[in-house]
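Visitor: Please pick one part of this model and walk me through it slowly. I'd like to start with the strands and finish where the metals sit.

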Amino acid sequence: MKFAATAQSPYGIKCDCLVEFVNKNGINAIAKDTPTAVTQAINHLRQQGDLSESAHARMVYPEGEASAKRILVVPVEFELKANSPAHTTGKHLSGIASTIAKAISDYPVKDLVIHFDDRFMHSAPLSDQDGVRDAQVFTAALLNAVYKSDAFKGKETQDKNKKKLKSLPGLAKVTLATQDAELKDVKQGLVQGEAVGLGMITARNLGDAPPNICNPQYFTAEAKKLVKKHPKLTVKVLGEKELKALGAGAYLAVTQGSANPPQLITMEYKGGKASDKPICFVGKGLTFDSGGISIKPGAGMDEMKYDMCGAGSVMGVMQAAAELKLPINIVGAIAAAENMPASNATRPGDIVTTMSGQTVEILNTDAEGRLVLCDTLTYVQDKFKPQVVINMATLTGACIVALGHHTAAVMGNTPELTQELQELSLKVNDPIWELPLWSEYTDDLKSPFADIPNIAGGRGAGTIIAGCYLQKFIKDVPWAHLDIAGVAWNSGAAKGATGRPVHLLMQYLFKQLDTKPASDKAAGPAVRKRKPAARKTTAKK
Ligand code: BES
Ligand code: MN
Ligand code: ZN
């Protein structure tokens with residue numbers, strides 16, 4: 001699927017379908033040059049009363065001369081109020097992308113032109129108008145809304161789907177038709193959004209892959225495949241032997257009951273200067289978490305194949321950053337392991353020595369994410385001397401109790417970092433919210449025998465306690481921990497990985513490039529804010 005942006009009038013481009021946004025009165029408030037054929041088709045819809053506020057999208061056929069075979073009329077009513085939460089605009093744009101994807105899915109639309117004018121898509125106050133972000137969020141969302149994998153269906157089903165594709169060819173080209181003043185921003189957002197969207201799809205595919213296939217070795221193979229494609233990427237894998245030699249006692253305690261040995265995978269992307277300290281991402285990669293001897297209940301246990309979604313997001317980000325050739329140094333670390341019960345598995349009560357030297361009493365083998373992460377965090381800090389460390393983990397069920405499935409939790413040791421991440425997350429509708437790592441919570445991590453236990457004695461604040469545990473392994477570096485347990489996948493009928501928080505992490509990288517001193521700035525795409533002055537007033541018809 002190809003994306004393009006143009007300042008050409010959308011009414012002059014030949015296509016299978018043109019997307020027009022209208023308000024609830026059926027009026028396209030932007031275009032001055034709407035051809036009669038299009039206006040008439042929209043008017044017709046309105047006269048029939050088919051453009052009510054609850055209408056989603058309507059496919060109509062232009063009467064008379066038009067460059068588009070069909071017109072998808074999408075009513076949008078959107079008003080940003082002073083007290084609207086900061087992710088409102090991104091949510092709106094993602095919603096429009098899903099609406100479009102759904103509406104065209106029954107039609108043989110290969111070539112789609114979207115009359116992309118964010119003045120109409122959000123009649124927002126100027127302060128929130130950011131053309132780069134809008135095109136970026138829209139593009140990533142559209143890619144993800146259209147994508148569906150049948151990789152694990154049987155041959156017969158796959159063949160059937162292929163046949164269907166012949167009669168109903170999927171989207172091949174999407175053109176965002178904007179205007180001169182916006183073109184540069186829209187182009188930039190589109191390039192970023194495409195890389196982000198594909199990175200999210202990589203994370204989704206890894207998440208959805210079954211645990212008998214997607215095991216730690218599979219992650220190694222995928223990392224090696226990715227590295228082969230990009231000259232600035234390298235990979236190093238530590239197996240059981242190497243982890244033993246490094247003294248990763250906590251990591252090994254998780255994986256010792258599994259027939260699939262652990263893989264600590266580090267990918268280095270060198271797009272910046274050799275002297276630039278890297279930004280380091282660390283992902284929890286439990287390809288299956290049975291709980292170990294503290295075994296989980298059976299219902300829904302299959303969803304613990306998703307316990308590697310932190311690692312999946314690292315793969316997605318490394319891919320997107322390399323694809324965009326970002327002028328920045330990045331390390332992506334994946335703590336891949338499987339947590340299984342066995343006669344040689346770790347017992348509750350076992351005490352192990354971590355790579356940091358601290359000893360841990362493992363009171364619950366199901367609190368395993370923090371065990372693989374603590375050694376991985378020690379390793380990346382020592383080895384790469386990063387400027388910042390951000391880890392992603394489906395770490396605690398308690399996070400779902402606290403924030404549900406909309407919002408991930410962020411914790412950390414540097415308020416500027418956690419706040420920056422929170423703000424960026426809302427901009428791209430990949431929301432996170434901060435929880436405090438105060439000493440009152442840390443004090444709960446006491447063991448009579450070892451330096452620390454892996455779970456606290458009390459019952460509350462499970463997400464924060466896990467964050468406090470990780471913090472014990474952070475030295476002198478800005479660090480943020482994202483607990484993505486509630487947002488990494490959807491359950492129920494629409495079960496599937498979401499690709500979160502790839503978008504947030506990419507936005508963080510774009511922001512770092514944007515705020516570098518000018519002399520340092522390379523050609524790579526960055527985030528720019530549109531100057532309000534460049535904006536023409538909305539033409540009312
Ligand atoms: N991977 C789970 C957390 C999880 C559970 C994520 C459900 C998403 C949905 C993690 O390894 C775990 O089992 N955590 C325990 C910690 C507890 C033993 C302190 C939990 O949340 O129950
Ligand atoms: Mn667990
Ligand atoms: Zn887990």
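Guide: Let's begin with a strand pair: β2 (residues 15-22) and β5 run in the parallel sense, joined by three bridges. Keep in mind that this is a predicted model. To find the pairing on your screen, look for V19, whose bridge partner in β5 is I114. Strand β5 has another partner too, namely β6 (residues 173-177), which is parallel to β5 and tied to it by five bridges. A handy marker there is L112, with V174 as its bridge partner in β6. Strand β5 covers residues 111-115, and four of those five residues are buried, so the strand is largely enclosed by the rest of the structure.

One quick stop before the metals: V502, which belongs to helix α16 (residues 502-514). Its relative accessibility is 0%, so V502 counts as buried. Now pick out V196: 306 residues separate V196 and V502 along the chain, yet their C-alpha atoms are 7.0 Å apart.

Now for the metals. Start with the zinc ion (ligand 3), whose protein donors are K284 through NZ, D289 and D307 through OD, and E368 through OE. These donors lie 2.0 to 2.4 Å from the zinc ion. There are six donor atoms around the zinc ion, and they subtend angles of 78 to 175 degrees, which makes the arrangement octahedral. If you'd rather hunt for the donor residues in the sequence, their spacing is K-x4-D-x17-D-x60-E. The pair K284 and E368 links distant parts of the chain: K284 is in strand β9 (residues 279-289), while E368 is in the loop between β12 (359-361) and α11 (369-384), 84 residues apart. What about burial? K284 has a relative accessible area of 1%, so K284 is buried, and E368 counts as buried because its relative accessibility is 1% as well.

Slide over to the manganese ion (ligand 2), which is 3.1 Å from the zinc ion, with D289 bridging the two. The protein donors of the manganese ion are D289 (OD), D366 (O), D366 (OD) and E368 (OE), at 2.1 to 2.2 Å. So D366 turns up with two atoms, O and OD, because both are on the list of donors and the cut-off for a donor here is 2.8 Å. The manganese ion also has six donor atoms, but with angles of 70 to 166 degrees its site is irregular. Its donor residues follow the spacing D-x76-D-x1-E. D366 has a relative accessible area of 21%, so D366 is partly exposed; the buried class stops under 20%.

Last, look at ligand 1. There are 17 residues around ligand 1, and K296, D307, D366, E368 and G397 come nearest. Three of these are names you've just met: D307 is a zinc donor, D366 is a manganese donor, and E368 is on that manganese list as well. K284 joins in here too, with a polar side-chain atom 3.2 Å from an oxygen atom of ligand 1. The backbone takes part as well: an N or O atom of T394 lies 3.2 Å from a nitrogen atom of ligand 1, and an N or O atom of G397 lies 2.7 Å from an oxygen atom. On its own, ligand 1 has 520 Å² of accessible area, and the protein covers 77% of that.

Technical notes
Residues numbered from 1 in each chain as written. Chains lettered and ligands numbered in written order. Predicted model: local features only at pLDDT ≥ 70, side-chain atom pairs only at ≥ 80, totals over all residues. Heavy atoms only, no water. Donors = N, O, S within 2.8 Å, 3.2 Å for Na, K, Ca; no water. Tetrahedral: all angles 85-135°; square planar, octahedral: opposite > 155°, others 65-115°. Helix = DSSP H or I, 4+ residues; strand = E, 2+ residues; numbered from the N terminus. Buried < 20%, exposed > 50% of the residue type's maximum accessible area, 1.4 Å probe, protein only. Near = heavy atom within 4 Å. Polar contact = N/O pair within 3.5 Å; in protein donor to acceptor, adjacent residues only side chain to side chain. Areas by Shrake-Rupley, 256 points an atom, 1.4 Å probe, with all protein chains shown as cover. Pairing = 2+ DSSP bridges.
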